[in-house]
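Student: Could you walk me through this model feature by feature? I'd like the general idea and then the case at hand.

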Amino acid sequence: GAVVFGGNIGSATPLTGLFVHSRTISAHDTTTFGNQLWDGNVTFNSTETTNGGSFTVTGTTTLGSSTIVSTGTGNATFMGNVDSGAAGAQSLVVNSAGATTFGGAVGGSAPLFSLTTDASGTSSFGGNVTIGGVAANGSPTTSTISLNDLASGSANLTLTSLNGGLISINNATATFPQTINTAGSVVITGNSALGLPFAPLVFTVTPGSLQLTQPITLTFSSPSTPAILVFNAGASARGFLGGSASSVILQPTSRDFSAPQSISNVQSSISTITEQSLKIGYDTDSVARQMNYGFAGDAGQFVNLLPPTGAGISLPGLESATMIPEDFGDEDDDDSLKKRK
């Protein structure tokens with residue numbers, strides 16, 4: 001059967017708890033001072049408040065309108081998939097100082113307009129998260145995934161914004177998420193490592209901007225370097241670009257800069273210095289310092305290129321080469337050579 005609540009529950013006098021069992025359930029505002037257990041497939045239409053009690057949906061969750069779930073210190077559990085009633089039209093906000101658990105996909109069948117978790121507690125995801133905002137006139141609009149608590153997820157988890165919206169992650173565990181798909185902005189505000197050299201955070205498309213607002217270490221893979229990179233002091237990122245094994249180490253800076261332009265400048269510096277070095281036989285201290293310290297004087301504080309040990313420097317548009325010959329900087333050998341001549 002079906003259970004339909006046509007009005008609010010507990011708005012004047014909150015209930016001590018609520019248990020509803022039905023195949024399909026439709027609910028409006030519900031306020032309790034205890035647990036809410038929705039045993040079935042539920043369509044929510046507004047705000048569910050437990051004041052410290054737990055909130056649980058055993059079946060699927062559909063957002064008939066934008067919905068806020070507030071539990072205080074209680075846990076919030078969505079055991080099934082969570083979808084928007086109309087694709088891209090409804091948002092979900094979960095405020096919980098306890099554990100928020102999504103057992104299935106969020107927005108998998110009908111993308112949400114946005115998903116937000118507050119800063120307290122934790123959140124875990126058993127499936128992908130997809131948003132794709134649609135304005136009142138039906139046209140696409142940008143929307144947001146904003147995960148503010150300590151987040152974790154299942155293997156191969158993907159966060160997707162179909163219309164290039166913002167994806168913001170705070171305090172994620174090292175391997176969460178595995179993939180981000182947005183042409184918009186990615187903002188990472190946590191203070192722990194995200195992505196690992198052997199399991200990088202993958203950007204399936206290059207985001208318009210990447211911001212690290214806390215001193216964290218980020219390892220990512222992307223088709224190309226984001227046009228805008230914003231690093232706070234102490235933050236660093238290792239990017240594997242274009243699917244290649246070559247890496248670019250982007251050291252911290254407290255202001256915006258254009259990575260492609262900076263890398264292009266470094267390419268030019270490398271080419272010029274290499275050409276000059278070949279002409280003079282690698283026998284000057286200035287060239288030695290340039291080569292040994294990664295062209296720091298030319299690249300400035302923005303980009304520091306660190307190739308793997310024993311490898312050459314490989315950049316887009318620059319042929320890979322071993323930049324430091326075997327006897328580079330050996331002044332004694334140079335002097336003895338001159339004496340032999």
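Student: Let's begin with strand pairing: what is the bridge partner of Ser209 in β25?

Tutor: Ile228 is the partner of Ser209 there. Strands here are DSSP runs (E, at least two residues), helices are runs of H or I with at least four residues, and both are numbered from the N terminus. Two strands pair if DSSP finds at least two bridges between them. In this case β23 pairs with strand β25 (residues 228-231) in the parallel sense, over 4 bridges.

Student: Which other strand pairs with β23 (residues 209-212)?

Tutor: Strand β21 (residues 185-188) does, again in the parallel sense over 4 bridges. One example is Val187, whose bridge partner in β23 is Gln211. Overall, the protein chain has 4 helices and 30 strands.

Student: What should I know about the model before trusting details?

Tutor: It's a predicted model, so local features need pLDDT of at least 70 and side-chain atom pairs count only at pLDDT 80 or more, while totals for chains, interfaces and linings use all residues. Residues are numbered from 1 along each chain as its sequence is written, and side-chain values use heavy atoms, leaving out hydrogens and water. As for pLDDT, that's the predictor's confidence in each residue, from 0 to 100. The chain averages 78, and 73% of the residues score at least 70.

Student: Where is the pLDDT below 50, and how many contacts does the stretch have beyond near neighbours in sequence?

Tutor: A contact means heavy atoms within 4.5 Å. Residues 254-331 fall below 50, and that stretch has 95 contacts in the model beyond near neighbours in sequence. Residues 336-341 are also below 50, with 0 such contacts.

Student: Now aromatics. How many aromatic pairs are there?

Tutor: Rings of Phe, Tyr and Trp (its six-membered ring) pair if their centres lie within 6.5 Å; planes under 30 degrees apart are stacked, over 60 edge-to-face, and the rest tilted. The count by that rule is 8 aromatic pairs. Take Phe44 and Phe55: they form a tilted pair, 5.6 Å centre to centre with 50° between the planes. Phe44 sits in strand β4 (residues 36-44) and Phe55 in strand β6 (residues 55-57), 11 residues apart.

Student: Why is the pair of Phe102 and Phe125 stacked?

Tutor: Because their planes are at 10°, with the ring centres 5.0 Å apart. Phe102 lies in strand β12 (residues 99-102) and Phe125 in strand β14 (residues 122-125), 23 residues apart, so to speak a link between distant parts of the chain.

Student: Are those rings buried or exposed?

Tutor: Buried means under 20% relative accessible area, exposed over 50%, and partly exposed in between (1.4 Å probe, protein chains only). Phe102 has 1% and is buried; Phe125, at 2%, is buried as well. Both Phe44 and Phe55 are buried too. These four belong to one aromatic cluster that also includes Phe5, Trp38, Phe78 and Phe176.

Student: And how would I read a single residue, say Ile68 in strand β8 (residues 67-72)?

Tutor: Check its cover, then its neighbours. Ile68 has a relative accessible area of 34%, so it counts as partly exposed. Leaving aside neighbours within four places in sequence, Ile68 is in contact with Ser46, Thr47, Glu48, Val93 and Asn95. The C-alpha atoms of Ile68 and Val94 are separated by 5.9 Å, though these residues are 26 apart along the chain.
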